[in-house]
Amino acid sequence: MIKAMNPSIRTVVEIIEPQKNNSMRLAGADSIICSAEFSSNLAIQELQDPGVKDIFYKLTSNLVDSQVYLVSIQPNQKQFKDLVLWGLDHKVTIIGLIRDKEALFNPTSQMELEASDQAVIISEKRPDTIFL
């Protein structure tokens with residue numbers, strides 16, 4: 001209904017049951033979060049590495065220090081290691097890339113950056129664009 005009123009609005013829908021995913025996609029949701037899947041994955045991580053839940057809580061809360069952001073990059077023929085070095089100089093932790101809608105964590109240091117890449121970062125503030 002919201003999309004019908006204004007198609008440019010980005011919609012995020014939370015569902016409890018994974019079976020509702022297709023219905024929400026057909027309804028025009030841009031992003032679907034399945035809380036049952038997320039909580040199951042988090043419980044497994046917490047079992048393997050006690051304390052992980054606290055880290056995820058902090059990274060997903062708007063109430064504490066740093067958060068996870070996706071930021072555009074102007075790579076100028078640079079490699080992933082150049083992005084990491086930029087992060088060290090700007091108090092930003094680079095944890096990966098988004099390329100072609102796929103999350104790439106821990107790329108090799110020699111991976112060439114592309115203009116369409118986004119940096120996955122942890123930072124106190126969101127930079128507009130990362131210029132290398």
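# Checking the terms against the values

Student: What makes Lys-101 count as exposed?

Tutor: The relative accessibility of Lys-101 is 84%, and a residue is called exposed over 50%, buried under 20% and partly exposed in between, with a 1.4 Å probe and protein chains only. Lys-101 is therefore exposed, because 84% lies over the limit. Bear in mind that this is a predicted model, in which local features need pLDDT of at least 70 and side-chain atom pairs count only at pLDDT 80 or more, while totals for chains, interfaces and linings use all residues. Residues are numbered from 1 along each chain as its sequence is written, and side-chain values use heavy atoms, with hydrogens and water left out.

Student: Where does Lys-101 lie, and what is noted about its phi?

Tutor: Lys-101 is in the loop between strand S4 (93–99) and strand S5 (102–105), where such names stand for DSSP runs numbered from the N terminus, a helix being H or I over at least four residues and a strand being E over at least two. Its phi is positive, about 65°, although Lys-101 is not a glycine. Most residues other than glycine have a negative phi.

Student: Which other residue of the S4 and S5 hairpin takes a positive phi?

Tutor: In that hairpin, which has 2 residues between the strands, Asp-100 takes a positive phi near 50°.

Student: How do you know that S4 and S5 are paired?

Tutor: Two strands pair if DSSP finds at least two bridges between them. S4 and S5 are joined by 4 bridges and run antiparallel, so the condition is met. Within this pairing, Gly-96 has Phe-105 of S5 as its bridge partner, and Arg-99 stands opposite Glu-102 of S5.

Student: Which strand besides S5 is joined to S4, and by how many bridges?

Tutor: S4 is joined to S6 by 5 bridges, and these strands also run antiparallel, so S4 and S6 pair under the same rule. One of the positions to look at is Ile-98, which stands opposite Gln-118 in S6.

Student: Why is S4 described as mostly covered?

Tutor: Of the 7 residues in S4, 5 are buried, so each of those 5 falls under the limit for burial that we used above. For the protein as a whole, 24% of the 132 residues count as buried.

Student: Why is Glu-112 called partly exposed?

Tutor: Glu-112 has a relative accessibility of 43%, which lies between the two limits, and so Glu-112 is neither buried nor exposed. Glu-112 sits in the loop between S5 and S6.

Student: What makes Arg-99 a residue that Glu-112 touches?

Tutor: Touching here is a contact, which means heavy atoms within 4.5 Å, and Arg-99 meets that condition with Glu-112, as do Gln-77, Lys-78, Gln-79 and Asp-117, when residues up to four places away in sequence are not counted. Glu-37, by contrast, is 75 residues from Glu-112 in sequence and 33 Å from it in space, C-alpha to C-alpha.

Student: What makes a group of residues a nonpolar core, and which members of the largest one touch the most others?

Tutor: A nonpolar core is a set of buried Ala, Val, Leu, Ile, Met, Phe, Trp, Tyr and Cys residues joined through side-chain atoms within 4.5 Å. The largest such core here has 13 residues, and Leu-83, Ile-121 and Ile-130 touch the most other members. Two or more residues of this core come from each of S3, H5, S4 and strand S6 (118–123). Not counting residues up to four places away in sequence, Ile-130 touches Val-71, Ser-72, Ile-73, Gln-74, Leu-83, Trp-86, Ala-119 and Ile-121. In soluble globular proteins, nonpolar side chains tend to be buried together.

Student: Is Asn-76 buried or exposed, and how do you know?

Tutor: Asn-76 is exposed, because its relative accessible area of 53% is over the upper limit. Asn-76 lies in the loop between S3 and helix H5 (80–89), and has a positive phi of about 45° although it is not a glycine.

Student: What makes Thr-60 exposed, and in which helix is it?

Tutor: Thr-60 has a relative accessible area of 57%, so it too passes the upper limit and is exposed, and its place is in helix H4.

Student: How many helices and strands does the protein have?

Tutor: There are 5 helices and 7 strands, and along the sequence they follow the pattern α-β-α-β-α-α-β-α-β-β-β-β.
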